[in-house]
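Q: Could you take me through one part of this model up close? I'd like to see how a single spot fits in with what surrounds it.

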Amino acid sequence: MARRGSSSSGGLKGFFERAGKSFQQGFEFSKEWSWWLAQKGGTVGLFLASTSMVVLMPLIFEINREAMTVASERLQITELRNQGHSDRQLQEMGFLEISLHSPSVASMNKPK
């Protein structure tokens with residue numbers, strides 16, 4: 001029986017050698033692609049995080065500030081109503097409509 005090279009050996013030993021080489025190539029391929037994917041994912045993540053800090057955070061702060069302003073105006077309106085001012089006078093003073101009239105429960109639960 002002629003001796004063959006290690007790359008073309010047959011039988012069970014050859015099968016395991018070829019399988020091992022195939023697994024090593026598959027590992028290298030998956031390692032390269034996972035590294036590339038991790039880099040691209042990091043870039044996209046950094047883009048989304050920086051965009052949200054620049055765009056969304058000021059928006060959230062402004063919404064919070066508006067809610068505090070409405071709450072403050074409602075306290076002032078309550079005090080002025082206790083002093084006898086009408087809604088018409090309060091509107092002429094420049095208070096927001098949302099501060100003058102709270103939304104009714106019926107309007108909040110309208111079926112669509």
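Let's start with the whole chain: of its 112 residues, 10% are buried. Which residues does E73 touch, leaving out those up to four places away in sequence?

A: Sure, and keep in mind that this is a predicted model. The chain has four helices and zero strands, so to speak plainly, α-α-α-α when you read along the sequence. E73 is in helix α1, which covers residues 11–82. Setting aside residues up to four places away in sequence, E73 touches F95, L96 and S99.

Now for the charge on that spot. E73 is buried but has no salt bridge. R74 is the nearest side chain of opposite charge, and it sits 7.9 Å away, whereas a salt bridge calls for a nitrogen-to-oxygen distance within 4 Å.

One of the E73 contacts, F95, leads straight into the largest nonpolar core. That core has five residues in all: I77, L80, L90, F95 and L100. Follow L100 and you'll find contacts with I77, L90 and F95, and also with R81, D87 and Q91, again leaving aside neighbours within four places in sequence. In soluble globular proteins, nonpolar side chains tend to be buried together.

Helix α1 also holds F61, which helps make a nonpolar surface patch of about 900 Å². Its other members are M53, V54, V55, L56, M57, L59, I60 and I63.

For the chain overall, the accessible surface comes to about 9,800 Å², with 64% of that belonging to carbon and sulfur atoms. Among contacts with a separation of 6 or more, 27% are between residues 24 or more positions apart.

Conventions. Residues numbered from 1 in each chain as written. Predicted model: local features only at pLDDT ≥ 70, side-chain atom pairs only at ≥ 80, totals over all residues. Heavy atoms only, no water. Helix = DSSP H or I, 4+ residues; strand = E, 2+ residues; numbered from the N terminus. Buried < 20%, exposed > 50% of the residue type's maximum accessible area, 1.4 Å probe, protein only. Lys, Arg positive; Asp, Glu negative; His and termini not counted. Contact = heavy atoms within 4.5 Å. Core = buried A, V, L, I, M, F, W, Y, C linked by side-chain atoms within 4.5 Å. Patch = residues over 30% accessible without salt bridge, like charges linked within 9 Å, V, L, I, M, F, W, Y side chains within 5 Å. Areas by Shrake-Rupley, 256 points an atom, 1.4 Å probe, with all protein chains shown as cover.
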